[in-house]
Amino acid sequence: MKLFAIGAFAAATLVASSALAQDAPQNPGPVLPGVCVVSGEQILLGSAAGQALQNRMVQLLQEVRGELQPYSQQIQTEYQALQQGAATIPADQLNQRRQQLQQRAQEAQQLEQTRDAELRYTQGVQAKAIEDAARPIIMAVYQERGCGVLLRSESVAYVNPAMDITDVVVQRLNTSLPSLTFNRMPVPAQPQS
């Protein structure tokens, strides 16, 4: 199911982040004046709003699975009934039931694709809200620290922790955006070309 990708992404991100932290060098080297580093990934995963996003997405995923389960179960039951009764059901009825089953399976697949798109869209909108809230905080910390260069830590293998402004940004973000409350959002219709 495509829906597993949303939950798997968060888990894979956490594993990758902890693996990099374990590989950090013992001597991080000198602090380079004016060079700062920030982790957008850690802001998203470590902030209260980011954690609320992850938790709510898991809840929405479970809701969608609960919505789709009866369709799947009904299709499976009908499929088994057709397999078992193939020898006794008249050919015209068998063909009609197979066509109806195929149509229900296509409808269920379409519904699953719609729900998957809604979950992805919702996750993207909420992640952007966190990013938008973090951006002015990042700029403020950048100016306070006298940074001349700001690098994304996702692009840097190792950095002296004293140059990393992520923790300060997360603390301030937790104050300005302590949580998120949202529901699954429909994907906006694309204008016809």
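Five helices and two strands make up this protein, in a model that is predicted. From the N terminus on, the order of the elements is α-β-α-α-α-β-α. The chain has 193 residues, and 28% of them count as buried. The points below take up the disulfide, a helix pair, a pocket and two residues with partners far along the chain.

**The disulfide**

- A disulfide is a covalent bond between the sulfur atoms of two cysteines.
- One disulfide turns up in a search of the whole structure.
- Its partners are Cys-36 and Cys-147, with sulfur atoms 1.9 Å apart.
- Cys-36 belongs to strand β1, residues 35–38. Cys-147 sits in the loop between α4 (91–144) and β2 (149–152). The bond therefore ties together parts that are 111 residues apart in sequence.
- The torsion about the S-S bond of Cys-36 and Cys-147 is about -80°, which means that the disulfide is left-handed.
- Cys-36 has a relative accessible area of 6%, so Cys-36 is buried.
- Cys-147 is buried too, with a relative accessible area of 9%. The cut-off for buried is under 20%.

**The pair α3 and α4**

- Two packed helices are described by the angle between their axes and the distance between the axes.
- For α3 (residues 48–85) and α4, that angle is about 175°. Their axes lie 10 Å apart.
- Angles over 145 degrees count as roughly antiparallel, and α3 and α4 are therefore roughly antiparallel to each other.
- The contact of α3 with α4 has 20 nonpolar residues. Five polar and seven charged residues also take part in this contact.

**The second largest pocket**

- Rolling a probe the size of a water molecule over the atoms shows where empty space is left.
- The second largest pocket holds about 280 Å³ of space.
- Its lining consists of 15 residues. Those nearest the centre of the pocket are Gly-40, Glu-131, Ala-134, Ile-138 and Arg-152.
- Three elements each give at least two residues to this lining: α2 (40–46), α4 and β2.
- Helix α4 provides the largest share of the lining, eight residues.
- Sorted by class, the lining of this pocket has 10 nonpolar, one polar and four charged residues.

**Two residues and their distant partners**

- Thr-114 is part of helix α4. Its relative accessibility is 29%, so Thr-114 counts as partly exposed.
- Thr-114 and Pro-186 are 72 residues apart along the chain. In space, 8.6 Å separates their C-alpha atoms.
- Phe-182 lies in the segment after α5 (166–176). With 7% relative accessibility, Phe-182 counts as buried.
- Phe-182 and Arg-56 are 126 residues apart in sequence. From C-alpha to C-alpha, Phe-182 and Arg-56 are 7.8 Å apart in space.

**Where α4 appears**

- Helix α4 packs with α3 at an angle of about 175°.
- Helix α4 also gives eight residues to the lining of the second largest pocket.
- Thr-114 lies in α4 as well.
- The loop between α4 and β2 holds Cys-147, one partner of the disulfide.

Technical notes
Residues are numbered from 1 along each chain as its sequence is written. This is a predicted model: local features need pLDDT of at least 70, side-chain atom pairs count only at pLDDT 80 or more; totals for chains, interfaces and linings use all residues. Side-chain values use heavy atoms; hydrogens and water are left out. A disulfide is a pair of cysteine sulfur atoms within 2.5 Å. Helices (H or I, at least four residues) and strands (E, at least two) are DSSP runs, numbered from the N terminus. Buried means under 20% relative accessible area, exposed over 50%, partly exposed in between (1.4 Å probe, protein chains only). Axes are lines fitted to C-alpha atoms, for helices over the stretch in contact, and angles run from 0 to 180 degrees between N-to-C directions. Angles under 35 degrees count as roughly parallel, over 145 as roughly antiparallel, 65 to 115 as roughly perpendicular and the rest as oblique. Ala, Val, Leu, Ile, Met, Phe, Trp, Tyr, Cys and Pro count as nonpolar, Asp, Glu, Lys and Arg as charged, and the others, Gly among them, as polar. On a 1 Å grid over the protein atoms alone, a cavity is a set of points where a 1.4 Å probe fits but cannot get out, and a pocket is an open set with protein on both sides within 12 Å along at least five of seven lines; lining residues have an atom within 4 Å of a point. Grid points are joined across faces, edges and corners, and a volume is the space filled by probe spheres set on the points.
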